[in-house]
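Got your viewer open and a selection box ready? Here is a short walk through the structure, one pick at a time.

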Amino acid sequence: MTDDLWDADEALTRLFNAHYRPLVRLAALLLADPGSAEELVQDAYLRLHQRWHRLRDPDRALAYLRTSVVNGARSRQRRRAVADRYTAAVRHAPAAEEPSAEAGALGALRRAEVVAALRRLPSRQREALVLRYYADHSEAEVAEAMGISRGAVKSHTARGLAALRPYLEAGR
Amino acid sequence: VSGANRTEDLLRRVLHEEAETIEVAPDALGTIRSGLARNRRRRWLAKGGTMIGLGMATAGALAAVAIGTATCAPPAQHPAPIGAVPSSSPAVGPTSSMQASPAEPPATSGGGATANLAVYYFGPGNRLFREFHRIPAGDGSPAAKIRAALTEMMRPGSARDPDYHSVWDCQVRGVTVAGRQVTVSLASTCPMPADLIRPQQLVWTATQIPGIDTVVLGSQQLHRMSSMDILAPIWIIDPQQKAVTGRAVTVTIDGTAFEAAAVVRIRDIGGKVVVQRSVHVGSPAVPNRASATLTVTLAPGRYTVEGFVFSARDGSVQNLDNHQFTVR
């Protein structure tokens, strides 16, 4: 069977097997609440299934999924920010804002600080950094996924990096 | 390396290490298919309501929809069969059926009543292995999920794989979460392990929620040991032990291996090898585990999937994990 003959169900299965896990991890890096990453990505797959008759192209489908995850994460962040303003709740350093510790090349504590700082960045800066340095996208691909110009990607990336530099360089 | 490049490299490493800590549930495809079935039912009901409503007053139409819900089955309660066989996959049987989720019913996304939680057990080599169990998780809060996972871990015989076992025979009295710390209270009669290894089963299970990395147990403050020191070098994520699948079977293996070379082998009920493929997982040279996935097509029957590495010294099978499953 050639790719252009996939039906929606088969496309869903193939794209799930190939990309679900990396997309969940991408979503977890974009969200302040990584626990909702799977739900966000599952919703993206459901929308893809509904629109498959218009996409019918695995490459376009992956771009669609990525954009859907980026937009979904941004939307959830916005809702969360509004809810936080209304509840004005005092929180004990929300667990979702810091990562689990595992052994790695960087110290777990230092990594937690960098990730916490990343989650505090404006959404656009965080998206640009995660897509560029985690998903290894080119500037053009980041621009497409975020729906902005390449110039704006450069600007968001530079500002985000500048904000994280003190955390990344700490202790060097 | 310039300062700017060094900053970029550090950020890459942080993001990739952080991503590796994200636990991804193994039966998400089943959850998505449940969502598809729900959407189809909604569309079918909406269509039915519209057609009936064309010739009736609004109140009458609403009543008709209610009757339709109670007495008629939608035309497609379940998604159509799905074929999922990459061209490079070995085909042992026809390629017509779908990969089913593990034996348990998937929860709806956002349902909150149950959760698919990681539960760690000791297995061969005194290493930790992970299973995912769909279990009631109270209000779905981190504390409720951790309590549910620990209670499941301590339930005698809860491990699906007969090679796995729990070293905790105990009861959870309470779990509280504050920031990145979880405090676990156990029944006063619980024997506390005196060694450093056995508490790791509880620690790894309790710290599965992103953002929680410290366990307070009595007077002790515990953290995860390095994954290289405590986790099984290789484990099979999918299919889970006793899973029932369609003919297109997705095998996911996770771990670390010399030069990242691991092997997936599937045997039929008679022990005959029907699939053997090399896959790339993480390498000890890079301190991260990694997963590999392949899809194969199998005829209905009972199988055993094995994940292992060949010894570089003598070619023997090392670090074997295996699960039994059924293709329907």
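**Stop 1: a glutamine in chain A**

Select Q125(A): with a relative accessibility of 11%, Q125(A) counts as buried, the cut-off being under 20%. Keep in mind as you click around that this is a predicted model. Q125(A) belongs to helix α5 of chain A. Now show what surrounds the side chain: leaving aside residues up to four places away in sequence, Q125(A) touches H156(A), R159(A) and G160(A).

**Stop 2: the rest of that helix**

Widen the selection to the whole of α5(A). How many of its 11 residues are buried? The count is 8 of the 11, so α5(A) is largely enclosed by the rest of the structure. To colour them, pick Q125(A), R126(A), E127(A), A128(A), L129(A), V130(A), L131(A) and Y133(A).

**Stop 3: across to chain B**

Keep α5(A), residues 123-133, on screen and add helix α1 of chain B, residues 3-20. The two helices pack at an angle of about 90°, and their axes are 9 Å apart. That makes α5(A) roughly perpendicular to α1(B). Switch on side chains here: from α5(A) come L129(A), V130(A) and Y133(A), and they meet E8(B), L11(B), R12(B), L15(B) and H16(B) of α1(B). Sorted by class, this contact has 5 nonpolar, 1 polar and 2 charged residues. Two of the α5(A) residues to keep labelled are L129(A) and V130(A), since you have met both already among the buried residues of α5(A).

**Stop 4: chain B as a whole**

Zoom out and select chain B. You should find 6 helices and 14 strands. Of its 328 residues, 51% count as buried. If you draw a contact map, take the chain B contacts with a separation of 6 or more: residues 24 or more positions apart account for 65% of them. Put a surface on, and chain B exposes about 14,600 Å², with carbon and sulfur atoms supplying 56% of that.

**Stop 5: a three-stranded sheet**

Next, pick β7, β9 and β12 of chain B. These 3 strands form an open sheet in the order β7-β9-β12, with antiparallel pairing. Which strands stand at the edges? They are β7(B), residues 234-238, and β12(B), residues 290-297; each has a single partner strand, so one side of each is left without a neighbour in the sheet. From one strand to the next, the twist averages 25°.

Before leaving, bring back chain A and select its helix α1, residues 8-30: this helix packs on the sheet and touches β7, β9 and β12 of chain B. Its direction makes about 165° with that of β12(B). For a closer look at the pairing, β7(B) and β9(B), residues 248-255, are joined by 4 bridges in the antiparallel sense. Label I236(B), and you will see I253(B) of β9(B) standing opposite.

**Stop 6: an enclosed strand and its hairpin**

Last pick: β13 of chain B, residues 301-310. Here 7 of the 10 residues are buried, so β13(B) is largely enclosed by the rest of the structure. Add β10(B), residues 261-268, which pairs with β13(B) in the antiparallel sense over 6 bridges; I266(B) stands opposite V305(B) there.

Then add β14(B), residues 317-327, which is antiparallel to β13(B) over 9 bridges. In this pair V309(B) stands opposite Q318(B). The two strands β13(B) and β14(B) form a hairpin with 6 residues between them. Finish on G315(B) in the turn, where phi is positive, about 80°.

Notes: Residues numbered from 1 in each chain as written. Chains lettered and ligands numbered in written order. Predicted model: local features only at pLDDT ≥ 70, side-chain atom pairs only at ≥ 80, totals over all residues. Heavy atoms only, no water. Pairing = 2+ DSSP bridges. Axes fitted to C-alpha atoms, helices over the stretch in contact; angles between N-to-C directions. Contact = heavy atoms within 4.5 Å. Buried < 20%, exposed > 50% of the residue type's maximum accessible area, 1.4 Å probe, protein only. Areas by Shrake-Rupley, 256 points an atom, 1.4 Å probe, with all protein chains shown as cover. Parallel < 35°, antiparallel > 145°, perpendicular 65-115°, else oblique. Nonpolar A, V, L, I, M, F, W, Y, C, P; charged D, E, K, R; others polar.
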